[in-house]
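Trainee: Got a minute to walk me through this one? I'd like to start with how a pair of helices pack.

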Amino acid sequence: MKNFLVFGGTLEGRSLSEWMSLMGWNHTVCVATEYGGEVLEPREGVSIRQGRMNEEEMIRFLAEGDYLAVVDATHPYAVEVSKNIRKACSAAGIPCIRLLRDTQGEEREDGLIYVGDSREAASLLEKRQGKIFLSTGSKELSVYVNGLSDPSRLFVRVLPSAEVVESCRKLGLEGKQICAMQGPFSREINEAMLRQVGASYLVTKDTGKTGGFPEKLQAAAAVGVQVVVIRRPGEEGDSLEEVKQELLHLWDQPSLEKEKKTETAGGAKRRICCIGIGMGDLGTLTGQARQEILTAQILFGAERMLKAAGSLLEREGRGAALVCEYRGEKIREYLKLHPEYERVGILFSGDVGFYSGARGIRELFPQDQVEYVCGISSVVYFASKIPTSWQDAKLYSIHGKPGNVVGQIQRCQKMFVLVSGPRDVEKICAALEESRMEVRVTVGSNLAYPQERIQRGIPKDFLTCETKGLHIMLLENEKPQKSWMPGLPDEAFQRGRVPMTKEEIRILSLAKLQLEPDSVVFDVGAGTGSVSVECALLCPEGDVYAIERNPQGICLIEENAKAHGAVNVTAVEGTAPEALEGLPTPTHAFIGGSSGNLKEILLWLREKNPQVRIVMNMITLESVGEAVSLIKELEIENEEIVQISASKAKKAGRYHLMTALNPVYVISFGGKAKERGEEACICQD
């Protein structure tokens, strides 16, 4: 008897179970809690398994059920559970289908603060004042209680379970701080709760439409509450409708034995052709790409690509199966079920060798004959329309990923930038405008389509980008800084009364850091941010976090970063190591001041990354003595200690007098130099 297994008591899981019942399919739904079982309506052919399972327990459970397929419909943030489900299915040899919740994209809402996890959210809120309405459940409630110096600011909304309420009380929350209700909630209820507690902040996860995420945002906007959103973990999967189609396909299979076949019936290798189709319309299709489309038995690709291919097939009187899918793993799964297709085409926009998903296809199909057909890339087409050359330009992409466009264009005269859409255009131009860079901007949208548009101007002309669809940019900088050397003059920084690492010491310290283009740097005790700015300019693909406890210093860091176009500098107010919590793992750290916490800072950094490269600057003998003692205590090897004394000439009438700077000790250790067999070092001021 055919059976399916569904993991998750989510709304999506319940909807899928209801549909399976209507189809007359026997299936089991696994829920983690008693409450999850209570909200499932009893139906014929549905059995419920209650309780959490680890990987081994899942494997045993799957072995007992003879399941045709498993659907993972767990919560988007249940990363470990999903990982265990995939491992268990792999061990049991059962297909695993991930059901994704609909998303409320980050670009759709303005004014939101996005954080990576609960620890980062708690660290952020600790630095701010006001009451907090927590709508992320009880699982990580202890992170907020322990991360806030005043937990009385917290008001939490949790499931109406005696066990959950008791866990809240054990953490020290009072009855008035606990709201036990089952969601999702309407905008009106959310708004009433926020007003009732007098919240200044709403902490939520991107739970999508089914989780009531839009209603939370609407309520927060109406009340004037700042929303802090915990980012959804990145993952691949299918929508509810796509999952239904996959299950229907599995149900109709007379035998799954043919899944094991990797070659066609005659023993010859299957031919898979990755086809670059240019801009997506038939006008930019090459002759070879046209021929491959016309001779393919099945074509995979995004909807707009299949639409163009379908028009060509119809016009030429040819036929082929069209499958709206561009993910390599999913294509492989589909072809395992359909070994009858001998000639396969996978459509890719632009050229298959230019920021294309085609590069991983050969590894996914090692037993097949995989070939590539080039296409006209968006850069080549765009350059011809402007017109301009492209062989002398830098090619850079932030399509679907972050990037430092300002840091890149500072170094080159001409750069093509692939972007995700109009919001990226606005963000880039806002950053260029803020950095006061004299850059010419050309924006192309919907290239090769009837609504194609090319606009020219300066950054402020594109702070509001009204065009829609796909976009590409050309940035031209007439005065590029071809190379960056450490050692900006002291006069280049605003200082006030905040300490600053002098130019000569800064040059040596930066050299000892041994930075790379994508380094993640912590500047502890950043002062004016002079070291932070120089690190950011030397690491255009990296990130720099300037940690400073003095509010005046934070302002100077932000002003100096802005003045030098160092958009990858983030000022963090607080004292290390507490202020370091929630930040990404560092590859390098410069310590200009430790506030008496040197040992704790070193322990934190080395625990986070044992290979972290550290540079410290020290002035007093007592600080040097402490550092040497810690090097011995922490069993640090290959340390280097340099004492540097410098003097600068000042004019006195017709003469020049040398004025001595304070002697500084530079101590260095750690990092990749040790792995290369070179001398490793650590520097500190």
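Mentor: Sure: H8 and H9 are oblique to each other, that is, neither under 35 degrees (roughly parallel), nor over 145 (roughly antiparallel), nor 65 to 115 (roughly perpendicular). This is a predicted model, where local features need pLDDT of at least 70, side-chain atom pairs count only at pLDDT 80 or more, and totals for chains, interfaces and linings use all residues. Residues are numbered from 1 along each chain as its sequence is written, and side-chain values use heavy atoms, leaving out hydrogens and water.

Trainee: At what angle do the axes of H8 and H9 cross?

Mentor: Roughly 45°, and the axes of H8 (residues 187-197) and H9 (residues 213-223) come within 8 Å. Axes here are lines fitted to C-alpha atoms over the stretch in contact, with angles from 0 to 180 degrees between N-to-C directions. Helices are DSSP runs of H or I, at least four residues, and strands are E runs of at least two.

Trainee: New topic: how many salt bridges does the whole structure have?

Mentor: A search finds 20, counting a side-chain nitrogen of Lys or Arg within 4 Å of a carboxyl oxygen of Asp or Glu.

Trainee: Which residue does Arg506 form a salt bridge with?

Mentor: Asp490, with the closest N and O atoms 3.5 Å apart. Arg506 sits in helix H18 (residues 503-513), and Asp490 in the loop between strand E21 (471-477) and H18, 16 residues apart.

Trainee: Is Arg506 buried or exposed?

Mentor: Buried, at 0% relative accessibility; buried means under 20% relative accessible area, exposed over 50%, partly exposed in between (1.4 Å probe, protein chains only). Asp490 is buried too, at 13%.
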